[in-house]
Amino acid sequence: MSLSSASSVVVEGGGVDIGKLNKGTGAKKLLNKGKPPVLATTQVQFCKSTTTQVHTFGARQLQNNRPPPHALLFSGSSSKVFPELNQARTTVTQFEQAAFFFKGGKKPASKLIRSAAAEEDFSSPSISLVQEEEESGSAMVMEMLTTTTTTFHRDWEDPMIVEWNKRSAHVPLHCHSSIEGALKFWRERSHVDSRAAKEATWGDEAVVESLKSANFWTQGLPYVKSLAGHWKFHLASKPEEVPHSFFNPGFDDTTWGYLPVPSNWQMHGYDRPIYTNIVYPFPVDPPYVPSENPTGCYRSSFSIPSDWHGRKLFVSFEAVDSAFYVWINGLKVGYSQDSRLPAEFEITKFCHHVGKENVIAVQVMRWSDGSYLEDQDHWWLSGIHRNVIIFSKPQVMIADYFVTTEVEADFTSASLKVQVVVEGPRELVANGELSQYTVEGGLYASWPFPDDVEDDSYLPAKSAVLTPQALDGASIGRHGHATLTGRLEQARLWSAENPYLYTFVLELKDPSGVVLDCEACRVGVRQISRRFKELLVNGEPVVLRGVNRHEHHPRLGKTNIEACMVKDIVLMKQHNINAVRNSHYPMHARWYELCDLFGLYVIDEANLETHGFDPEPWIWPEHQLTLDPKWSNAMLQRMINMVERDKNHTSIIFWSLGNEAGYGPNHEAMAGWTRGKDPTRPVHYEGGGSRTVSTDVVCPMYMRVWDIVKIAQDPNESRPVILCEYSHAMGNSNGSLDEYWNAIDQVHGLQGGFIWDWADQGLLKEGKDGVKYWAYGGDFGDVPHDLNFCLNGLIWPDRRPHPALQEVKFLYQPIKISLNDNAIEVWNRNFFTTSENVEFSWALSSDGVVQDSGPLSIPTLSPGMKHHFPLKEGPWSLQWEKCYSSDQFLVLTAKLCRPTRWADAGHVLASQQVNLPILKPLKQEVLRTSDMPSLVLTHSGDKINIKTAGIGGWEVQFDKSTGLLDFWQVEGASILLNGPLPCFWRAPTDNDKGGSGLSYLSQWQKCGLDTLTLSHCTSFEFKHICPQLIVVTAIIFMEPKGEVPPPPNVSESQTTSVHFKVEVEYKVFGNGDIMADYKINPSPKLSPLPRVGVQFNVEKECGEVEWYGRGPFECYPDRKAAAQVGIYKMGVEELHVPYIVPGESGGRADVRWVAFRTRGAGVGLLAMCGPGSPPMQMSANVYSIDELNQATHDEELQPGENIEVHLDHKHMGVGGDDSWTPSVHSQYLVLPKPYEFSIRFCALTEDRSPTKLVCTQLEEVITK
């Protein structure tokens, strides 16, 4: 910064005769005329605008290294005159051209106009000094020749400075004009339900919608104005390169572009997004940040409405990433950091009178010392990403209020307490006049849902009146306080199940009883408490069925849209999620209102994470910032500001100290302040091992089931265990989730957890072909980056559910149905809700075909109640007893009778499939071999052809060199190609890759499983058992590429080669069926295998897939609890699951049979489990394993010429306890040991349907 662009400085010296000042007179000489140094004894004033109002500061501020940005401190020819200047890191070497204004006696303050302000621009413009006449006198400008060299303090690289001139945090203020206006506003604000979710948008149109939402959130507020819109914008490479004086009203910004506010500038073509999980995207040298520090310059304007005249004015930036300065009309207003909370400044003295345009300018630095505290696992994005509002308040105003409720022991009544803070002029407080003002409060009932009252003037009934109170007469500073109390009889309690909200309205009245100010918010009556190993909500040990959620929009980044937030909540509620952890920072203020309204338990988390200090060279915990007192205020302020903003939101049941920021005294200070401020809520923090004194709950992350059970059963641990993160949902994941919930349901002290996490954090990016795709780390050229570790969601970025979300819904369902000891048990797992709004039904199926269905009469169940009845007394019993089948299943379903805010009537709350005992086994038709057509065998070279005698029919061809089928044709159409080939490899999932050298993928690659090929066939024989049956046998070996096959005379036990020996026997029957029997002998030296099965190809024309097994959605051996056994049909394209990073996907578990047919039920292929073989894992895809393995994005996948089918006897689980260690549970590993299985293949024609064929069995024939 250069002081040559000096603003005029007014020095209050008193009694100095301006007329005696001559050009060139030094300030030292002047001030030594019997006057002490100004900064030592008095204050310096500097002009803030062209009005007569001025701003003051004292020497102490300089000693604290916080020089006001407007100050020009020229007091002599040497800095020795004022040593405070050196302490402020300001050096004055020699006077240049500067202006001094001395105000004393009766002379009025001058209106001063500057053409160049002494702001923190980093250039050296010239000054023009202007003399302006006033009605009461004139201002004289004195020039002194000086030369200045200055180095101003870099606030964004000092952890001791997190803000200046910013107002203290408080609850959102809405500035209502009356009780009626407040109630009308909150009625409209609460008029939202699942229909709003349908308006959610995720593409380019979201830019416009974000501006609409920002403006919508201030509608109906007479004294609040949104500044959302398109601002002028320029991106400089560093703070030193910002355009000089860009904040001045007269600055020419015609060459600048436009940027929507709110937004992240990287989402609009400026700079680039960066994704990292742990590592900082810049050299770790706290508190310093890179000199190349992209800096956004914003300009806009606003006018003050006429009815705001005489009121105080404020500007609030709801969130800016990461640090910023703000100017009004060329005058610097303040500075702030913390990218996820509001920064509010009073701007009354900076603004023009009503009717004149005001220029607002903002300078945003991408990196600041605050960035060291914001190393969360998400995209680094910058800018003004939440709304900017201006609002006005009366001179005496409601500044803050804190509503708490205490529920009586009988839970039928409650007491209320409201702590109110009122702000007024300092002199009013000093004179004790503020005590003549009173505050009053009332609690109003909620509106009905659905709100079908057409009368806009309808006001709900008042449920409670709080006793009016005068303000505290002992107030100091500018604030007065009062505490309102009241009692609510027959209170309706809030819970996530029944989120009943009252509306609290607060009024401030002057001594004559006139209402000056009015504030209001929605309030739920509920109580959080604890007892041994339990967290209680309204006295009940609620189980938290939760998920972690980042703020993320694929087009907007961190900017929010109303409908998109509603979409998230509606999806959560519809999938039985009742809790959300705000990871890892405070969310948009509207998010909490919606959680209050729809009903979600919330962990509110401070914007604090220093994960990048964990790896080398930062050896934990010696270098954690929590141990450094210089960072204590920065950390504590983040906690304070969050609690102060969000304290009235009923949905918040925990305050969290942040995430992955180590543990130390700074955290203990945060916990201590929070407990003192709000004893009604417990504190949560995982750092330090999740069991420190600073957390009221044991909240580990990714701890294994057996370990959380140990903690819960530890008699010395009195706190409940709630996993703050578990079941890492990265790609095809969330295996063994059911094991966690089996434990949570059975073990006292386990009270739930939060899955990581809600949505894939993919960003929309346009590819080379003009098609947009989901981008992840590195796709923007960002370095460093952590690839696709941002893709951990249960849903895609556009909120389409992953298949795993169905598993979550099932395990989280509030109605649990089970079959125990031949009795059906229906358990209402709700804690506050009866089953009055639930209707039950049943459906009985045999071998996949529904036989009968109907309603099921279940008595209304109280919360926690269980109902039992014998299985044979159900309405299905007659049909069950008379039905012949191989499989029988009973599906019991619970649906909503009436609509709720989050779902329509008929929404499925819970569904359970019960496998019934077989009372009448199906007698399958035995196909006699002798009744079949005769076969003809021909061979030529290595090819063996088998077909039916006569014209037409079918034909198969075997290859002696490989031991495999080359093709299978039916009526001239190919139905099977290239196989079935034994297969032991899968395209790795994200979980397969996790763990570096210990990962499953690394183990597989070391064994050469990724390069397995059929190396040779040592035996190939065929035998005509009878005219209608030919048996083909082969012994084939599969080796990694480059492996030398063992010599024929060397036994398997003697060779060091890694290989699979496969013995296969094909029985080819005259009716066209082939029974394939496999004996798999893997080398015992191998690691656990991805799969054991076969793969083959079918023609693309056979793309209609029908199967009898689990579905309809993707499921795997360790993630199939929600998938019900049935007959399903869909196109092969629909089986593919488009995970952003391709890998193994689209499988269906427990498949009894699968058919591939041409559309229109033409020819095709049926595969079913052979006698004695268990159900298979099936997948079919137009993309091959190799294609899925090589592509880095789903959009890169190129479909093959055919459909690749996999039928697996064994398939390894997908895992998901975490994604960075091998985490598949032992029972879902496929060990390298011998396996045997059979598959029956049948040709399909128009007269041979799958359902008929599966009711038949081939005659057993001795082939040896």
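**View 1. Lysine 1079 and its bridge partners in this predicted model.** Start with strand E68, where glutamate 1236 is the bridge partner of lysine 1079. Turn to E58 and E59, and lysine 1079 shows up again, this time as the E59 bridge partner of glutamate 1063.

**View 2. Strand E59 with E58 and E68 as its antiparallel partners.** E59 covers residues 1074–1082, and 7 of its 9 residues are buried, so call this strand mostly covered. With E58 (residues 1060–1069), E59 runs antiparallel and is joined by 9 bridges. With E68 (residues 1235–1244), the pairing is again antiparallel, over 7 bridges.

**View 3. The hairpin of E58 and E59.** There are 4 residues between the two strands here, and glycine 1072 takes a positive phi near 95 degrees.

**View 4. Tryptophan 758 in the largest nonpolar core.** This core has 147 residues, and Trp758 ranks with Leu544 and Trp876 as those with the most contacts inside it. Skipping residues up to four places away in sequence, tryptophan 758 touches a mixed crowd, including Val547, Arg549, Asp568, Met572, Ile577, Gly793 and Leu805. Elsewhere sits a second, separate core of 84 residues, with Cys351, Ile389, Ile398 and Tyr437 among them.

**View 5. Aspartate 646, a buried residue of helix H10.** Helix H10 spans residues 632–646, and aspartate 646 lies in it. Why does aspartate 646 count as buried? Because its relative accessibility is 1%, and the cut-off for buried is under 20%. Leaving out neighbours within four places in sequence, aspartate 646 is in contact with Pro586, Tyr592, Asp604, Ile652 and Trp655.

Methods: Residues numbered from 1 in each chain as written. Predicted model: local features only at pLDDT ≥ 70, side-chain atom pairs only at ≥ 80, totals over all residues. Heavy atoms only, no water. Buried < 20%, exposed > 50% of the residue type's maximum accessible area, 1.4 Å probe, protein only. Pairing = 2+ DSSP bridges. Core = buried A, V, L, I, M, F, W, Y, C linked by side-chain atoms within 4.5 Å. Contact = heavy atoms within 4.5 Å.
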